[in-house]
2 protein chains.
Amino acid sequence: MFEVAELGHRVSKEEYKQRVPDLRTQLLEVQFQLRQADFPVIVLISGVDGAGKGETVNLLNEWLDPRYVRTDAFDKPTEEERQRPPFWRYWRALPAKGHMALYVGSWYSGPLAKRVYGKTSAAELDEELSRINTFERELVDDGALVIKIWLHLSKKQQAKRLRKLEKNPETRWRVTKRDHQHLKLYDKFRPIAEHALRVTSTGEVPWVIVEGSDARYRGLTVGQIILEQLARRLARPPVEPVEAGEFRPITPPVSGEPVTLLNTLRLDLTVEPDAYKRELEEEQGRLNRLTRKALQKGVSSVMVMEGWDAAGKGGVIRRMVPAMDARHYHIIPVAAPTDEEHAHHYLWRFWRHISRAGHVTIYDRSWYGRVLVERVEGFATQDEWMRAYAELNDFEDQLVDHGIVLTKIWLHISKDEQIRRFKLREETPFKRHKITEEDYRNREKWDLYEQAVNDMVERTSTEYAPWVLVEANDKKYARLKVLRVFCDRLERALKKRK
Amino acid sequence: MFEVAELGHRVSKEEYKQRVPDLRTQLLEVQFQLRQADFPVIVLISGVDGAGKGETVNLLNEWLDPRYVRTDAFDKPTEEERQRPPFWRYWRALPAKGHMALYVGSWYSGPLAKRVYGKTSAAELDEELSRINTFERELVDDGALVIKIWLHLSKKQQAKRLRKLEKNPETRWRVTKRDHQHLKLYDKFRPIAEHALRVTSTGEVPWVIVEGSDARYRGLTVGQIILEQLARRLARPPVEPVEAGEFRPITPPVSGEPVTLLNTLRLDLTVEPDAYKRELEEEQGRLNRLTRKALQKGVSSVMVMEGWDAAGKGGVIRRMVPAMDARHYHIIPVAAPTDEEHAHHYLWRFWRHISRAGHVTIYDRSWYGRVLVERVEGFATQDEWMRAYAELNDFEDQLVDHGIVLTKIWLHISKDEQIRRFKLREETPFKRHKITEEDYRNREKWDLYEQAVNDMVERTSTEYAPWVLVEANDKKYARLKVLRVFCDRLERALKKRK
């Protein structure tokens with residue numbers, strides 16, 4: 001695969017001088033068009049050490065309008081980054097629509113280096129690569145243009161280049177001990193890199209390999225690649241949303257009343273007032289002890305609280321809060337996205353709020369809005385929300401993989417119970433503001449929402465992050481159940497950490 | 001001052017039980033009103049160790065709707081925080097309009113502790129307190145409600161409380177070595193705290209001292225204070241903007257053509273093409289060496305690039321970029337604020353972008369928009385932009401104080417030169433998009449802008465951050481001058497660090 005980039009491609013000074021002005025003008029032109037476009041551009045400059053990654057990025061910043069290019073070099077993760085799942089830093093850095101980001105030392109550097117140094121097995125590398133594929137596909141599915149450029153050098157060229165850099169006092173500083181180490185490891189590095197490139201060269205995001213030894217050839221080629229890919233993407237007609245059509249649930253409904261998970265819930269479950277008081281205190285005490293221990297051990301937890309309007313989400317949260325330390329939990333009420341959030345991938349705003357180690361984060365509504373309100377109200381196309389099940393599963397997989405204890409709650413009430421509560425709220429002065437016309441509008445779409453909830457539960461109840469369906473016609477019963485489930489999960493996780 | 005909080009205030013269980021439900025209902029009510037209001041609420045819970053700061057914050061989270069309360073405990077600064085000026089972490093955490101934040105361990109903790117431990121002198125403490133006063137006044141001027149509560153305990157009570165906490169296995173973990181240390185230092189701490197409270201009890205943001213020994217008294221009192229202050233603030237009629245009236249420049253104009261700094265610039269200064277080429281290369285080489293050294297030493301620099309439309313800001317930036325490493329500079333183009341930025345203090349969005357140690361940040365337009373476009377177009381009231389001069393000076397003082405090398409450039413061209421460039425741009429195909437109708441509209445307000453620029457230069461050219469006025473009718477001359485000034489300042493700063 002790399003042989004083609006060892007042929008000694010060169011560009012003469014004259015040719016370079018002649019071609020650059022035109023290339024620059026065209027790059028500026030597509031960059032200007034990009035600013036009005038509704039997608040971001042992400043350019044990865046990876047490759048062999050000494051192949052000119054830094055120089056290439058600098059050159060691109062010189063050619064492009066640098067005000068609309070963001071350059072990030074991902075080196076060792078900072079303290080804040082280490083406290084979150086590994087991809088947090090990449091999500092944080094994603095450009096908004098109409099912007100371009102250049103990454104040196106991207107999500108490939110870590111996995112490759114670890115494998116070369118023998119810190120991971122071949123299987124572990126493949127696992128990391130498959131996560132990368134998922135990440136990149138999600139970006140592309142959302143409309144992003146991802147360009148991956150690998151700058152290659154043969155071993156001989158690499159050695160020569162290091163010598164040359166070291167000779168010049170102006171560039172000597174750039175050669176580090178690590179570079180020499182990498183040169184020694186070249187023969188080990190090469191097949192691993194080739195494997196990685198092969199596995200991650202997908203139809204949507206193929207790698208492009210550029211020979212790195214001649215600066216003029218390298219610069220012109222990379223500039224040309226970006227120009228062509230961006231121009232092609234800009235010329236692409238907007239994608240027609242797929243006709244809504246028929247959605248097929250995992251379990252096709254039999255004739256008559258469909259049997260769903262929600263339907264099988266026993267909404268008549270209740271708890272006696274005395275038992276409630278006693279057990280509530282017990283569970284709150286447990287929650288207090290467990291969250292304190294979790295803080296000490298750096299075990300984070302995330303709770304997703306979903307449910308029908310008036311199902312009692314706020315009431316559950318208010319029963320948890322007094323048992324915890326306000327300095328270590330965060331409640332994120334999820335409403336419509338801000339315009340900054342809207343200019344990014346829909347998951348970006350949830351990545352933003354991931355808390356540091358040991359903290360509890362409670363989402364009052366969550367990323368599941370994508371497959372609930374956005375589906376039912378048509379804010380997301382069928383393509384988008386169908387795809388979202390896999391995206392949400394992957395997002396949660398990353399949380400759990402990082403050791404975060406994830407609990408997902410659906411508070412379920414009957415349609416009759418809901419109207420009873422609406423009326424009750426309207427009669428209570430300080431609760432009246434909680435009921436708006438929108439609640440009634442949503443209620444009219446009960447059946448559509450119910451279908452969406454069923455699909456959501458079926459498609460996103462995973463081994464590592466199952467949905468907990470809570471019978472909530474009796475508020476007290478629901479509160480106890482949520483507290484107990486949350487504590488149980490946290491307790492189990494803490495035991496494993498001993 | 002503290003004697004009044006050592007009288008042994010208590011609230012009986014009966015009274016507490018009777019008063020709490022009403023207080024909670026009212027707190028929820030004002031909190032709901034706050035959500036529609038156009039100001040944020042910041043509550044500081046400070047005080048003596050063991051006086052119940054954490055418990056109070058937890059209680060408030062229980063009483064309020066915790067979904068719209070953000071609690072932050074500022075402990076030791078993280079690595080990311082240490083790389084920025086000390087107040088960065090506080091600016092980052094500021095709540096948006098309509099939201100409430102509770103801070104435990106706020107901007108007072110550090111200065112007080114350092115003084116008690118003898119790490120700072122009395123004069124240094126006063127300097128820090130005066131910075132705090134400025135910060136709080138800026139928040140209040142912007143409409144924020146800042147409530148400062150000091151929880152007090154006598155030495156005897158503090159000792160008793162620690163003993164009690166230690167006896168109970170459930171609470172023992174909360175007593176740290178530092179608590180015992182603080183108890184020993186109580187007699188030293190008390191007069192220092194009293195001094196700090198006195199100096200920072202301003203008319204707009206007075207301290208309230210609450211006796212901390214009885215949990216019921218403490219909780220009720222703090223809840224009551226927040227309720228009253230918030231209700232009063234909500235009831236305040238909107239402030240009428242001051243009539244525009246006459247603005248008085250620092251130097252009143254004499255009769256005839258006013259002599260201003262801008263007028264005295266010699267716009268006929270030029271540079272020969274050969275000299276330009278030679279000197280440009282020299283300065284770029286210097287910039288390269290200096291920014292590399294700055295990265296090694298962790299010296300950050302910030303460049304503010306302001307100037308007339310078509311004065312050549314982008315051209316200057318494009319001459320600097322090739323000399324630097326794209327991984328270590330950031331260009332921030334400043335346009336209209338996003339809605340998230342709009343919901344915060346106008347300086348919040350500039351604090352957001354402060355780079356880490358060793359990096360170069362170039363602002364293409366800047367915080368000076370407040371006293372230029374916002375003044376001229378009426379987006380800021382006269383009150384607001386008049387106040388802004390002091391706020392901007394203070395902001396820059398903090399940057400410089402943190403060791404950041406700040407360079408502020410005004411690119412000046414004549415009115416004739418501007419129209420010449422507009423026409424030229426319209427004739428060049430790939431520059432045509434740079435000219436819009438807005439540029440012509442701005443041009444019609446040339447005199448108003450000129451007045452605003454003169455005022456800005458007069459009022460914000462400080463010892464530590466002077467304006468550099470650049471004669472820019474000759475683009476080449478301007479580019480060289482900017483590069484030279486930037487390098488000179490960076491070089492001086494690096495020499496000092498040796």
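Here is a walk through this predicted model, from the whole chain down to a few single residues.

Let us start with chain A as a whole. Its 498 residues are organised into 20 helices and 10 strands. Along the principal axes, the C-alpha atoms fill a box of roughly 85 × 50 × 45 Å. Buried residues account for 35% of the chain. If you look at contacts in chain A between residues at least 6 apart in sequence, 84% of them join residues at least 24 apart.

Next, consider how the two chains relate to each other. Two copies of a chain are related by a rotation about an axis and a shift along it. Here, a turn of 180° with a shift of 0.0 Å along the axis lays chain A on chain B with an RMSD of 0.1 Å. The two copies are thus related as by a two-fold rotation axis. The same surface serves both copies, and 100% of the contact residues of chain A recur in chain B.

What does that contact consist of? Chain A contributes 36 residues and chain B contributes 36 residues. On the chain A side, the elements that give two or more residues include the helices α1 (13-36), α2 and α12 (313-320), together with the strands β2, β3 and β7 (329-333). Helix α2(A) gives the most, with 5 residues. Sorted by class, this side of chain A has 16 nonpolar, 8 polar and 12 charged residues.

Some of these elements also belong to a sheet, so let us turn to that. In chain A, 5 strands form an open sheet in the order β2-β3-β1-β4-β5, and the pairing is parallel. The edges are taken by β2 (69-73) and β5 (207-211), each with a single partner strand, so one side of each is left without a neighbour in the sheet. On average, neighbouring strands are turned by 20° against each other, direction ignored.

You can follow the β5 edge residue by residue. Strand β4 (residues 145-152) of chain A is joined to β5(A) by 5 bridges, and the two run parallel. Within this part of the sheet, A:L151 stands opposite A:V210 in β5(A). For strand β2, take a look at chain B: β2(B) pairs with strand β3 (residues 100-104) of chain B in the parallel sense, over 5 bridges. There, B:R70 stands opposite B:A101 in β3(B). Strand β2 of chain B is mostly covered, with 4 of its 5 residues buried.

Helix α2 deserves a second visit. In chain A, this helix (residues 53-63) lies across β1 (41-47), β2, β3 (100-104) and β4. Helix α2 runs at about 160° to β3(A). The helix that gives the most residues to the side touching chain B is thus also one that lies across strands of the sheet.

Now for a pair of helices. Two packed helices are described by the angle between their axes and the distance between the axes. Helix α6 (residues 122-141) and helix α9 (residues 186-200) of chain A pack at an angle of about 35°, with their axes 10 Å apart. Their crossing is right-handed. From α6(A), the residues A:D126, A:L129, A:I132 and A:N133 meet A:A196, A:V199 and A:T200 in α9(A). By class, the residues of this contact divide into 4 nonpolar, 2 polar and 1 charged.

Finally, a few single residues are worth picking out. A:R10 is found in the segment before α1 of chain A. Is A:R10 buried or partly exposed? With 13 other C-beta atoms within 10 Å, A:R10 is partly exposed. Leaving aside residues up to four places away in sequence, A:R10 touches A:D214 and A:Y217. A:R10 and A:Y363 are 353 residues apart in sequence and 56 Å apart in space, C-alpha to C-alpha.

The last two residues concern backbone geometry. Most residues other than glycine have a negative phi, and most peptide bonds are trans. A:A310 has a positive phi of about 70° although it is not a glycine. A:A310 sits in the loop between β6 (301-307) and α12 of chain A, and is buried, with 22 other C-beta atoms within 10 Å. A:R365 also has a positive phi, near 70°. This residue is found in the loop between β8 (360-364) and α15 (373-376) of chain A, and is partly exposed, with 17 other C-beta atoms within 10 Å.

Conventions:
Residues are numbered from 1 along each chain as its sequence is written. Chains are lettered from A and ligands numbered from 1 in the order in which they are written. This is a predicted model: local features need pLDDT of at least 70, side-chain atom pairs count only at pLDDT 80 or more; totals for chains, interfaces and linings use all residues. Copies are superposed by least squares on the C-alpha atoms of residues with pLDDT of at least 70 in both. Two residues are in contact if their C-beta atoms, placed from the backbone, lie within 7 Å. Two strands pair if DSSP finds at least two bridges between them. Axes are lines fitted to C-alpha atoms, for helices over the stretch in contact, and angles run from 0 to 180 degrees between N-to-C directions. A residue is buried if 20 or more other C-beta atoms lie within 10 Å of its own, exposed if 12 or fewer, and partly exposed in between; C-beta atoms are placed from the backbone. Ala, Val, Leu, Ile, Met, Phe, Trp, Tyr, Cys and Pro count as nonpolar, Asp, Glu, Lys and Arg as charged, and the others, Gly among them, as polar. A crossing is left-handed if the near helix is turned anticlockwise from the far one by less than a right angle, and right-handed if clockwise.
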